[in-house]
Amino acid sequence: MSLLPLGFETDVPADAIRAPIIVLEKVGKRFLTKAGEYEAFADFDLTIREGEFVCLLGPSGCGKTSLLRILAGLDSHNSGVLRIREPKGDKPFMSVVFQENSIFPWLSVRDNVAYGLRSRQAASAWVDQRVDQLLETVGLTNFQRLYPHQLSGGMKQRVSIARAFANDPQLLLMDEPFSALDEQNRSLLQEELLRIWSLSGKTVLFITHSIDEALFLGDRVVVMGGRPGHVMADISVPFPRPRKQYALKASPVYGAMVAEVAELIRLAMQVSPA
Ligand SMILES: Nc1ncnc2c1ncn2[C@@H]1O[C@H](COP(=O)(O)OP(=O)(O)OP(=O)(O)O)[C@@H](O)[C@H]1O
Ligand SMILES: [Mg+2]
């Protein structure tokens with residue numbers, strides 16, 4: 001008997017086993033604080049393969065952002081082995097959407113989105129066309145001349161999402177990118193991210209606090225526990241793509257998975273800081 005819910009349009013692609021793009025083996029991170037050393041995570045094992053969409057969930061403070069910063073090359077680990085396979089080429093390999101807003105305050109919305117493309121000296125007509133398209137995707141066409149201080153939190157987040165998409169990277173690291181958005185925009189951008197991902201074969205590591213979002217987007221849901229941060233569970237998401245929110249929510253398998261992940265997070269919270 002199939003465990004998969006009925007009513008989906010396609011099957012999981014057969015070429016599921018692909019080359020690893022990120023490998024972490026027993027990776028650990030300690031911070032030096034005034035109160036002494038703080039072990040953010042330890043013995044962290046994770047492999048992410050080319051083209052995979054991996055969602056990372058876990059209680060506040062368990063080390064998700066610290067891990068992403070290490071993967072992005074903004075911080076270093078203290079122990080273990082981290083391997084990232086970066087192909088040669090002139091396009092940026094990785095783009096990061098940070099949890100905290102990270103757009104340039106001195107550039108307009110349009111110039112923020114165009115920044116990466118212009119710094120690669122792409123043809124200006126092509127840049128204009130691509131930026132127009134991205135601004136429309138994130139619903140900021142009418143706000144493109146404004147500056148970050150004139151935007152709401154959700155609008156700023158949409159600028160950084162458009163900027164990350166503009167670079168068309170092979171690896172997208174996203175730290176709660178949709179958390180400041182209203183439900184409608186969140187849903188639109190989830191669909192758009194899935195569309196871009198399915199067309200381009202990008203690899204995505206996506207941090208979220210939403211179990212629904214993780215199960216809608218991910219091929220795998222990695223649940224992290226804290227003190228120190230570690231992988232509690234690495235769960236394959238069995239739902240074929242394209243997925244529809246309403247069809248997922250009607251499925252008993254989905255309900256069982258939500259309950260399972262919620263229970264893991266509840267257990268993780270009992271030992272996590274914050
Ligand atoms: N630069 C730093 N110096 C000292 N401690 C730090 C530093 N950065 C993070 N930490 C600590 O490491 C732990 C993990 O922080 P991190 O931001 O990675 O958590 P998180 O899982 O992303 O949480 P959230 O879900 O709230 O975003 C926290 O206890 C935090 O206080
Ligand atoms: Mg964080």
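# Note on the sheets, helix contacts and ligand shell

1. In the small-numbered part of the chain, E25 stands opposite V81 in strand 4. The model is a predicted one, in which local features need pLDDT of at least 70 and side-chain atom pairs count only at pLDDT 80 or more, while totals for chains, interfaces and linings use all residues. Residues are numbered from 1 along each chain as its sequence is written, and chains are lettered from A and ligands numbered from 1 in the order in which they are written. Helices (H or I, at least four residues) and strands (E, at least two) are DSSP runs, numbered from the N terminus.

2. The pair E25 and V81 belongs to the ladder between strand 1 and strand 4 (residues 79-84), which run antiparallel and are joined by five bridges; two strands are taken to pair if DSSP finds at least two bridges between them. Strand 1 also pairs with strand 2 in the antiparallel sense, over 10 bridges, and these two strands form a hairpin with two residues between them. Within that hairpin, P20 has R49 of strand 2 as its bridge partner, and R30 stands opposite E39 of strand 2.

3. Together these strands make an open sheet of three, in the order 2-1-4, with antiparallel pairing. Strand 2 and strand 4 stand at the edges with a single partner strand each, so one side of each is left without a neighbour in the sheet. Neighbouring strands of this sheet are turned by 25° against each other on average, direction ignored. Axes here are lines fitted to C-alpha atoms, for helices over the stretch in contact, and angles run from 0 to 180 degrees between N-to-C directions. Helix 1 lies across strand 1, strand 2 and strand 4, and runs at about 65° to strand 2.

4. One backbone detail of strand 1 deserves a look: K26, which is placed in this strand, has a phi near 50°, a positive value in a residue other than glycine.

5. Which residues are closest to ligand 1? The ligand is surrounded by 14 residues, the closest being F31, S60, K64, T65 and S66, where a residue is near a molecule or strand if its C-beta atom, placed from the backbone, lies within 6 Å of it. Strand 1 (20-33), strand 2 (36-49) and helix 1 (64-71) are the elements that give two or more residues to this shell, and helix 1 gives the most, with three residues. By class, the shell around ligand 1 has five nonpolar, eight polar and one charged residues. Ala, Val, Leu, Ile, Met, Phe, Trp, Tyr, Cys and Pro count as nonpolar, Asp, Glu, Lys and Arg as charged, and the others, Gly among them, as polar.

6. A second open sheet, of six strands, has the order 5-6-7-3-8-9 with mixed pairing. Its edge strands are strand 5 (94-97) and strand 9 (230-236), each of which pairs on one side only. The twist in this sheet averages 15° from one strand to the next. Strand 6 (residues 171-175) and strand 7 (residues 203-207) run parallel and are joined by five bridges, with T203 of strand 7 as the bridge partner of L171. Helix 4 lies across strand 5 and strand 6, running at about 175° to strand 5.

7. The axes of helix 2 (residues 109-119) and helix 4 (residues 153-166) come within 8 Å and cross at roughly 25°. Helix 2 and helix 4 are therefore roughly parallel to each other; angles under 35 degrees count as roughly parallel, over 145 as roughly antiparallel, 65 to 115 as roughly perpendicular and the rest as oblique. Their crossing is right-handed; a crossing is right-handed if the near helix is turned clockwise from the far one by less than a right angle, and left-handed if anticlockwise. V109, N112, V113, Y115, G116 and L117 of helix 2 meet V159, A162, R163 and A166 of helix 4, contact being counted if C-beta atoms, placed from the backbone, lie within 7 Å. The residues of this contact divide into seven nonpolar, two polar and one charged.

8. Helix 3 (residues 124-137) and helix 4 have axes that come within 10 Å and cross at roughly 140°, which makes helix 3 oblique to helix 4. The crossing of helix 3 and helix 4 is right-handed. R130, V131, L134, L135 and T137 in helix 3 meet A162, F165 and A166 in helix 4, and the residues of this contact divide into six nonpolar, one polar and one charged.

9. Two cis peptide bonds may be checked in the model: the bond from R227 to P228 is cis, with omega near -20°, and P228 lies in the loop between strand 8 (220-225) and strand 9. A cis bond also joins R241 and P242, with omega about -5°, and P242 is found in the loop between strand 9 and helix 7 (245-249).

Key:
Two residues are in contact if their C-beta atoms, placed from the backbone, lie within 7 Å.
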